[in-house]
Amino acid sequence: MKVLICGHRGMLGTDLMIRLGVDHQVIGRDIDEIDITSYDSCEETISSIGPDLVVNAAAFTDVDACESRREACFAVNADGVANLALVCRNRGIKLVHFSTDYVFNGIKNSPYNEDDPCDPLNVYGLSKLEGEQKLQGAGCDYLLIRTAWMFGKNGKNFVQAILSKASANPVLEVVDDQQGCPTFSPDLSEAVSRLIAGSHSGIFHVTNSGQCSWFEFARQILKTAGIRNVEVRPISSDKLARPACRSSYGVLNNEKYSLATGHTLRHWKDALAAYLKAVGH
Ligand SMILES: NC(=O)c1ccc[n+]([C@@H]2O[C@H](COP(=O)([O-])OP(=O)(O)OC[C@H]3O[C@@H](n4cnc5c(N)ncnc54)[C@H](OP(=O)(O)O)[C@@H]3O)[C@@H](O)[C@H]2O)c1
């Protein structure tokens, strides 16, 4: 297939270019070539390329900045998705799109299923939920993949932030009252490739296996990187006072994905080890 990847220079977009490029002709476009907040820009790009499939990895992903830049955030995460979805519907093209565990409020204490009710706690989550709804309402064939806590070689992420802080501080304070599923972007890209190959449509939760708190994630990062002279201390979210509220529980149930593809993503600790090796740690 000829596959257009929007946001191909982002963390996930870069790995999707590599993985989907194995089986398909991939064409990447980012903000300087397609502005998904403009219907005309989407229409022009898609009509000139003529893809069989569009993958949207473009998004406004700075969760804290979304609180003060609400309009810009909704323009990309909600209206941008609607623009792509309408062009895809008009041309009979399937759209693959990504969303987040932040669409849930975290009061559940078992992994979230695809059909659990959504109730975002922050502006980013609200904008991503509106994007989901606009995608589902547009009438195009779609694959909507919710993921979480992503890390990869080509974007700002928690692993990189912890390594950088550890190089300058003997003690790191990390929140231990939020649980989630770290997800390695090349592993997610493999899952996307499998869902596309199986012609699956609808919503799927896809993350690496296992779950942890940010505190446990940070400790594992230092342990795997062989950094022994830095202490990680658990703190509560209140102490950080970040602009965006975070839910205490965002674990996503991957059962539907595993049943559909016969595949389960490896444990996040193994994915972390692969990432650290890839970046030379
Ligand atoms: N990162 C995570 O932890 C995480 C977790 C759950 C779900 N997700 C979802 O996964 C998807 C990919 O996330 P990511 O972390 O790979 O994102 P990312 O690294 O921030 O990349 C997004 C890309 O989209 C581009 N972009 C922004 N606005 C655009 C516009 N109007 N038109 C076209 N391109 C635009 C960005 O360009 P600039 O850099 O120039 O703005 C960037 O290249 C998103 O849907 C995100 O919501 C991410």
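In this predicted model, a nitrogen atom of the ligand sits 2.9 Å from an N or O atom in the side chain of Asp35. Asp35 belongs to the loop that runs between β2 (25-29) and α2 (39-49). With a relative accessible area of 30%, Asp35 falls between the 20% and 50% limits, so the residue is classed as partly exposed. That accessibility takes only the protein chains as cover. Asp35 also has a partner from further along the chain: its C-alpha atom and that of Val76 are separated by 8.7 Å, with the two positions 41 residues apart in sequence numbering.

A second aspartate also shows up at the ligand. An N or O atom in the side chain of Asp30 is 2.9 Å from one of the ligand's oxygen atoms. With Phe98, it is the backbone that comes into play: one of its N or O atoms lies 3.4 Å from a ligand oxygen. As for overall coverage, the ligand on its own exposes 910 Å², and 79% of that is buried by the protein. Three elements give two or more residues each to the surrounding shell, namely α1 (11-23), β4 (94-100) and α5 (123-138). Of these, β4 gives the most, with three residues.

The shell as a whole holds 25 residues, and those that come nearest to the ligand are Leu12, Asp30, Thr61, Tyr124 and Lys128. Sorted by class, the shell is made up of 14 nonpolar, seven polar and four charged residues. Asp30 thus turns up twice in this account, once among the nearest residues and once through its side chain at 2.9 Å from a ligand oxygen.

Helix α5, one of the elements that feed the ligand shell, also carries Ser127. Ser127 has a relative accessible area of 0%, which is under the 20% limit and therefore makes it buried. The side chain of Ser127 is not without a polar partner, though: it makes a polar contact of 3.1 Å with the side chain of Asn77.

Turning to internal voids, a search of the whole structure comes up with one cavity of 30 Å³ or more. The volume of the largest cavity is about 40 Å³. Its lining consists of Asp101, Tyr102, Trp149, Gln178, Gln179, Arg246, Ser247, Tyr249 and Gly250. By class, that lining breaks down into three nonpolar, four polar and two charged residues.

Two of the lining residues come up again elsewhere. Trp149, which is part of the cavity lining, is found in the loop between β5 (142-147) and β6 (150-151). Trp149 counts as buried because its relative accessible area is 9%. Its backbone is worth a look as well, since phi is positive at about 40° even though the residue is not a glycine. Most residues other than glycine have a negative phi. Ser247, also in the lining, can be paired with Arg91: the two are 156 residues apart in sequence and 38 Å apart in space, C-alpha to C-alpha. Arg91 is part of helix α4 (residues 70-91), and with a relative accessibility of 41% it is classed as partly exposed.

Ser199 likewise has a positive phi, about 55°, without being a glycine. Its place is the loop between α7 (185-197) and β10 (202-205). Ser199 is at 56% relative accessibility, which is over the 50% limit, so this serine counts as exposed. Trp149, by contrast, is buried at 9%.

Beyond β10, the loop that leads to β11 (212-213) contains Val206. Val206 is buried, its relative accessible area being 0%. Val206 and Ser258 are separated by 52 residues in sequence and by 9.0 Å from C-alpha to C-alpha.

A further pair with a sequence gap involves Leu163, which is in helix α6 (residues 158-166). The C-alpha atoms of Leu163 and Leu222 are 7.4 Å apart, for 59 residues along the chain. At a relative accessible area of 12%, Leu163 is under the 20% limit and therefore buried.

Conventions: Residues numbered from 1 in each chain as written. Predicted model: local features only at pLDDT ≥ 70, side-chain atom pairs only at ≥ 80, totals over all residues. Heavy atoms only, no water. Near = heavy atom within 4 Å. Polar contact = N/O pair within 3.5 Å; in protein donor to acceptor, adjacent residues only side chain to side chain. Areas by Shrake-Rupley, 256 points an atom, 1.4 Å probe, with all protein chains shown as cover. Helix = DSSP H or I, 4+ residues; strand = E, 2+ residues; numbered from the N terminus. Nonpolar A, V, L, I, M, F, W, Y, C, P; charged D, E, K, R; others polar. 1 Å grid on protein atoms, 1.4 Å probe; cavity = no way out; pocket = protein on both sides within 12 Å on 5 of 7 lines; lining within 4 Å. Points joined across faces, edges and corners; volume = space filled by probe spheres on them. Buried < 20%, exposed > 50% of the residue type's maximum accessible area, 1.4 Å probe, protein only.
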